[in-house]
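Work through these exercises with the sequence and the model side by side. Try each task before you read its solution.

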Amino acid sequence: MTVTVRGRGNVRRVPELKIPSLDGVKIYADQPVVRSENDGEGTIVTKTMKWALVPEREGRFQIPSLALSYFDAEAGATAR
């Protein structure tokens, strides 16, 4: 499973997202990768987090959604 967060500003401060334990699934987290680029208007930072999800038995598994709160400078408020 891969989650990518991309934006302007200090995306390096994005916390490590955690996947709750899943019954019957082993979860192995990779080290996050942070990249930055300049597009002429400023710096854009991308943080990619990956997990290997390995089932320990047959069946269907429901992976819960992940949420990230952030401050939207244009709106002047916290968003989710």
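**Exercise 1.** Leaving aside its neighbours within four places in sequence, which residues is Thr46 in contact with? Then decide whether Thr46 is buried or exposed.

Solution. Keep in mind that this is a predicted model.

Step 1. Locate the residue: Thr46 lies in strand S4.

Step 2. Skip the neighbours up to four places away, then list the contacts. They are Thr4, Val5, Arg6, Val33, Val34 and Arg35.

Step 3. Look for a polar contact. The side chain of Thr46 makes one with the side chain of Arg6, at 3.3 Å.

Step 4. Check the accessibility. Thr46 has a relative accessibility of 15%. Buried means under 20%, so Thr46 counts as buried.

**Exercise 2.** Which residues make up the largest nonpolar core, and which element gives the most to it?

Solution. Step 1. Name the members. The core has 9 residues: Val3, Val5, Val11, Val14, Leu17, Ile19, Val45, Met49 and Trp51.

Step 2. Assign them to elements. Strand S1 (2-8) and strand S4 (43-55) are the elements that give two or more residues to this core.

Step 3. Pick the top contributor. S4 gives the most, with 3 residues.

Step 4. Zoom in on one member. Beyond its neighbours within four places in sequence, Val11 is in contact with Val5, Val45 and Lys47.

Step 5. Recall the general background. In soluble globular proteins, nonpolar side chains tend to be buried together.

**Exercise 3.** Compare two residues of one loop. Where are Phe61 and Ile63 found, and which residues does each touch?

Solution. Step 1. Place Phe61: this residue is in the loop between S4 and S5. Ile63 is also in the loop between S4 and strand S5 (70-72).

Step 2. Classify each one. Partly exposed covers the range between 20% and 50%. Phe61 is at 28%, so Phe61 counts as partly exposed. Ile63 is at 40%, so Ile63 also counts as partly exposed.

Step 3. List the contacts, again without residues up to four places away. Phe61 touches Asp23, Gly24, Val25 and Pro55. Ile63 is in contact with Met1, Leu22 and Leu53.

Step 4. Set sequence against space. Phe61 and Gly24 are 37 residues apart in sequence, with their C-alpha atoms 8.3 Å apart. Ile63 and Leu53 are 10 residues apart in sequence, and their C-alpha atoms are 9.8 Å apart.

**Exercise 4.** Is Lys18 buried or exposed, and how many Å separate Lys18 from Ala75?

Solution. Step 1. Find Lys18 in the loop between S1 and strand S2 (25-29).

Step 2. Use the cut-off. Exposed means over 50%. Lys18 is at 65%, so Lys18 counts as exposed.

Step 3. Take the C-alpha distance. Lys18 and Ala75 are 27 Å apart in space and 57 residues apart in sequence.

**Exercise 5.** Describe the whole chain. How many helices and strands does the protein chain have, and why is it called more spread out than a compact globule?

Solution. Step 1. Count the elements: 0 helices and 6 strands. Along the sequence, the pattern reads β-β-β-β-β-β.

Step 2. Compare radii. The radius of gyration is 16 Å, well over the 12 Å that the globule rule gives for 80 residues, so the chain is more spread out than a compact globule.

Step 3. Add the spans. The C-alpha trace covers about 50 × 25 × 15 Å along its principal axes.

Step 4. Turn to burial and surface. Buried residues make up 21% of the 80 residues. The chain exposes about 6300 Å², and carbon and sulfur atoms supply 46% of that area.

Step 5. Look at contacts with a separation of 6 or more. Residues 24 or more positions apart account for 64% of them.

**Exercise 6.** Which element has the lowest mean pLDDT, and which the highest?

Solution. Step 1. Start with the chain. Its mean pLDDT is 87, and 96% of its residues reach 70 or more.

Step 2. Go element by element. Strand S6 (residues 77-79) has the lowest mean, 69, and S2 has the highest, 96.

Conventions. Residues are numbered from 1 along each chain as its sequence is written. Side-chain values use heavy atoms; hydrogens and water are left out. A nonpolar core is a set of buried Ala, Val, Leu, Ile, Met, Phe, Trp, Tyr and Cys residues joined through side-chain atoms within 4.5 Å. Buried means under 20% relative accessible area, exposed over 50%, partly exposed in between (1.4 Å probe, protein chains only). Helices (H or I, at least four residues) and strands (E, at least two) are DSSP runs, numbered from the N terminus. Contact means heavy atoms within 4.5 Å. A polar contact is a pair of N or O atoms within 3.5 Å; within protein, one must be able to donate a hydrogen and the other to accept it, and residues adjacent in sequence count only if both atoms are side-chain atoms. The radius of gyration is taken over C-alpha atoms; the globule rule is 2.2 Å times the number of residues to the power 0.38. Accessible areas come from the Shrake-Rupley method with a 1.4 Å probe; for residues, only the protein chains shown count as cover. pLDDT is the predictor's confidence in each residue, from 0 to 100.
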